[in-house]
Amino acid sequence: MAITDAALIVLWPPLTSELVVGALLAAWVLFIVYVGSKPVARRWNKYVSRKFIHFTTGGMVSVLIYLTWLAGKPVFKTPSVPAAAAFALAFLTLAHHLEEREMDWFQVKENLGEVWFCVMWGLVFLALWYVDLAAAALATMFMAFGDGVTGIVRNFVYRRWTKGLWGSVAMLLVSLPLGILLKGVAGAVAAVVATVIELWPAVDDNITVPAVSAASLLLLGQLGLS
């Protein structure tokens, strides 16, 4: 992880302002992970706490990156700081699993969903930053908000950690407006694709949703849909 992060910084040297913003966001993320998510777990359960973390960390940062880029005043000029931070958080959460010292208010033994969330968030932005930043933001929002609300709805409807129709309906209701707002017709199609692929149980949806969404958006862009 250290080598990867160092390589990113060397390839795309960040401005001082990027380092400052990155440090502030990293502090926020660590606060949510270690402090802010605990009351959520106590009030409901660790599954809801996991989704709360997704909303308020990766989801929030994706929105920030997209909105500041859209306004012409991006907080990050290069992908180095956000990607490096994502990979560092992936290593941190994985270390708790490897040491068998899971943060029991949101981590689940033998489930690396939150690790894959961080890895895929960083990879998607890294791959698409100079290609289609809006597509990167949207794919990660599908993962953070779309899949996140899916989990919460399923938790309250089915009272257990499972996949089901109502969760998919909730994901589509969240993802479809996001898709249309950010990428028009292509975003709407990608939202449907993301909702469908989320149901596939063979691979963690924190991998499939952002990967398939990003690929769909790139393909649809090449076909002239926007």
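## Exercises on an all-helix model

Setting aside neighbours within four places in sequence, Thr-195 is in contact (heavy atoms within 4.5 Å) with Ser-168, Met-171 and Leu-172. This is a predicted model, where local features need pLDDT of at least 70, side-chain atom pairs count only at pLDDT 80 or more, and totals for chains, interfaces and linings use all residues. Residues are numbered from 1 along each chain as its sequence is written, and side-chain values use heavy atoms, with hydrogens and water left out.

**Exercise 1.** Place Thr-195 in its helix and decide whether Thr-195 is buried or exposed.

*Solution.* Start with the element: Thr-195 is found in helix H7. Helices here are DSSP runs (H or I, at least four residues; strands are E, at least two), numbered from the N terminus. Next, take the cut-offs: buried means under 20% relative accessible area, exposed over 50%, and partly exposed in between, with a 1.4 Å probe and protein chains only. Thr-195 has 8% relative accessibility, so Thr-195 counts as buried.

**Exercise 2.** Describe the overall build of the protein chain.

*Solution.* Begin with the elements: the protein chain has eight helices and zero strands. Then compare sizes: a compact globule of 226 residues would have a radius of gyration near 17 Å, and the chain agrees because its value is 17 Å. That radius is taken over C-alpha atoms, and the globule rule is 2.2 Å times the number of residues to the power 0.38. Finally, 52% of the 226 residues count as buried.

**Exercise 3.** Find which helix gives the most residues to the largest nonpolar core.

*Solution.* First, the term: a nonpolar core is a set of buried Ala, Val, Leu, Ile, Met, Phe, Trp, Tyr and Cys residues joined through side-chain atoms within 4.5 Å. The largest core has 38 residues, and those touching the most other members are Ile-65, Trp-121, Val-124, Phe-125, Met-141, Phe-142 and Val-209. Elements giving two or more residues to this core include helix H3 (46-70), helix H6 (133-158) and helix H8 (205-222). The answer is H6, with 12 residues. A second, separate core of 13 residues includes Ile-32, Leu-89, Trp-105 and Val-115.

**Exercise 4.** Say what lies over the face of Trp-105.

*Solution.* A charge sits over a ring if NZ of Lys or CZ of Arg is within 6 Å of the ring centre and within 35 degrees of the ring normal. Here Lys-38 lies over the face of Trp-105, at 4.4 Å from the ring centre.
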